[in-house]
Amino acid sequence: MIPKFLNIDSDETYHLTLAELVTKTDDSHAYLFSKEISLNQYGNRRVPVEYSYAEGKLVVTKINSTAFEEKTPLLVGDVIYDVNGKTIPQLVNSFGKYVPASNSWGKIEKVKSHFLSTNRDSISMKIERGGHNLSITSRTYFAKDIIRTPNKSPENWKLLEKQIGYVNMGILKKEDLDMMYKNLQSTRAIIFDLRNYPNQTIEPLSQLILPEIATYYLFTFPETDYPGKFYSRKNIIGRRNKEYYKGDVVVLVNESTQSQAETTAMMLRQHPKAKLIGSNTSGANGDVITFKIAGLDTRFTGLGAYYPDGRETQRIGIIPDIIVKPTIQGIREGKDEVLERALLYIKTNN
């Protein structure tokens, strides 16, 4: 990177070069906070729609209204495969040069929010609709002019079907655990959705559902008195518990399952009837070290994180037992294909 820093000729180039340096950590915990990059590289205007990523394309899932009451030419279900002359994989590569991530799927997760952002007043796109390919241009708007109607608030736990419980780990709090378990402990299976970031519930939850004390991951720490030397520590969870949960424990994960969420998934995997379903997680387990580089906030992962048997998790992620990824067709039909596969597994044990 030294030659690149020597050739810097503007503030923008300086910030982009710093971002490229940070990106080379290949760490989804890392970032560089730069208003210069946010404004010039990504833009502060966007198309007023929401979308999901699948199969290298974007699927429009919601149309937001605007303060100007103007309609976008996009429709729910449209599949976007080109933005301003670039395919979605090309956009990933373009943005990804300045966005650190532990692996390719984590890179997509971190850059996908920028795909329909710009400083221009419009974006041209190529889309698939009803079996036809169309070229359209949509106006863009500042965030203050986009009216987002809130989605229905999700429940922190519920019964999906008779004898099958569902827990949203992103909103479940410590104080909810006892009531949740009281309501779901007699079910045949509990689905723990970790496609989010949990609320420090890992230890008390382990004491409810695990049958015994278990080592669920290893950390390596730097020996500060001997640079280059590290020591490891086993991390223990659970307790001896005759009243542990006897049903199936099914854990939903994907590329947004990161850090504490990955550790929680490793804890749940210690259950004797656990099954992980979804796609590889972020691969950024461990703590976060925050500091400044050239006056800008940055950070990276500070500890090594491993499976109990010593296999690496960082840059790889927690690997599910059953791989399921969203499809374009499934998103168009409003399906949660990962959740559907979990229900199938519970009913068929396959």
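1. Ala-294 is partly exposed in this predicted model, with a relative accessible area of 48%, a value that falls between the 20% limit for buried and the 50% limit for exposed residues. The residue sits in the loop between strand E20 (288-293) and strand E21 (296-301), and although Ala-294 is not a glycine, its phi is positive, at about 55 degrees. This deserves a moment of attention, because most residues other than glycine have a negative phi.

2. Asp-26 can be read alongside that case, since its phi is near 50 degrees, again a positive value in a residue other than glycine. Asp-26 belongs to the loop between H2 and strand E1 (31-32), and with a relative accessible area of 38% it is partly exposed.

3. Helix H2 also has a helix partner to look at: H2 and helix H3 (residues 35-42) pack at an angle of about 100 degrees, and their axes are 9 Å apart. H2 is therefore roughly perpendicular to H3. On the H2 side the contact is made by Asp-11, Glu-12, His-15, Leu-16 and Ala-19, while H3 contributes Glu-36, Ile-37, Asn-40 and Gln-41.

4. In helix H5 (residues 104-111), the buried residues are Gly-106, Lys-107, Ile-108 and Val-111, and a student may notice that a lysine is on that list. What do the buried residues of H5 pack against? Their partners are helix H2 (11-23), strand E3 (49-54) and helix H4 (88-96).

5. Helix H7 (residues 202-209) has Ile-202, Leu-205, Ser-206, Leu-208 and Ile-209 as its buried residues. When one looks down the axis of H7, these buried residues fall within an arc of 160 degrees, so they line one face of the helix. They pack against helix H6 (177-184), strand E15 (189-193), strand E16 (214-222), strand E17 (230-237) and helix H8 (260-268).

6. Two of the residues just named, Leu-205 and Ile-209, return in the largest nonpolar core, which has 36 residues; together with Val-167, Met-180, Phe-192 and Leu-268, they touch the most other members. At least two residues of this core come from each of H6, E15, H7, E16, strand E18 (248-253), H8 and strand E19 (274-278), and the largest share, five residues, is supplied by H8. As background, nonpolar side chains in soluble globular proteins tend to be buried together.

7. Leu-205 gives a closer view of these surroundings: leaving aside its neighbours within four places in sequence, Leu-205 is in contact with Met-169, Leu-177, Met-180, Phe-192, Met-267 and Leu-268. There is also a second, separate core, made up of 31 residues, and among them are Val-83, Leu-91, Met-125 and Ile-136.

8. How many salt bridges are there? The count comes to 14, and one of them joins Arg-139 to Glu-70, with the closest N and O atoms 2.9 Å apart. Arg-139 lies in strand E10 (residues 132-139) and Glu-70 in the loop between strand E5 (65-66) and strand E6 (79-83), so this pair ties together parts that are 69 residues apart in sequence. Arg-139 is partly exposed, at 39% relative accessible area, and Glu-70 likewise counts as partly exposed, at 30%.

9. A salt bridge with an N to O distance of 2.7 Å links the side chains of Asp-78 and Arg-129. Because Asp-78 is in the loop between E5 and E6 and Arg-129 is in strand E9 (residues 122-129), the pair ties together parts 51 residues apart in sequence. Is Asp-78 buried or exposed? Asp-78 is buried, with a relative accessible area of 2%, whereas Arg-129 counts as partly exposed at 25%.

10. Lys-347 forms a salt bridge with Glu-161, and here the closest N and O atoms are 3.1 Å apart. Since Lys-347 lies in helix H10 (residues 337-348) and Glu-161 in strand E13 (residues 157-161), the pair ties together parts that are 186 residues apart in sequence. Lys-347 counts as partly exposed at 47% relative accessibility, and Glu-161 is partly exposed as well, with a relative accessible area of 32%. Finally, Asp-193, Arg-195 and Asp-336 are joined into one network by salt bridges that share partners.

Conventions
Residues are numbered from 1 along each chain as its sequence is written. This is a predicted model: local features need pLDDT of at least 70, side-chain atom pairs count only at pLDDT 80 or more; totals for chains, interfaces and linings use all residues. Side-chain values use heavy atoms; hydrogens and water are left out. Buried means under 20% relative accessible area, exposed over 50%, partly exposed in between (1.4 Å probe, protein chains only). Helices (H or I, at least four residues) and strands (E, at least two) are DSSP runs, numbered from the N terminus. Contact means heavy atoms within 4.5 Å. The arc is that of the directions from the helix axis to the C-beta atoms. A nonpolar core is a set of buried Ala, Val, Leu, Ile, Met, Phe, Trp, Tyr and Cys residues joined through side-chain atoms within 4.5 Å. A salt bridge is a side-chain nitrogen of Lys or Arg within 4 Å of a carboxyl oxygen of Asp or Glu. Axes are lines fitted to C-alpha atoms, for helices over the stretch in contact, and angles run from 0 to 180 degrees between N-to-C directions. Angles under 35 degrees count as roughly parallel, over 145 as roughly antiparallel, 65 to 115 as roughly perpendicular and the rest as oblique.
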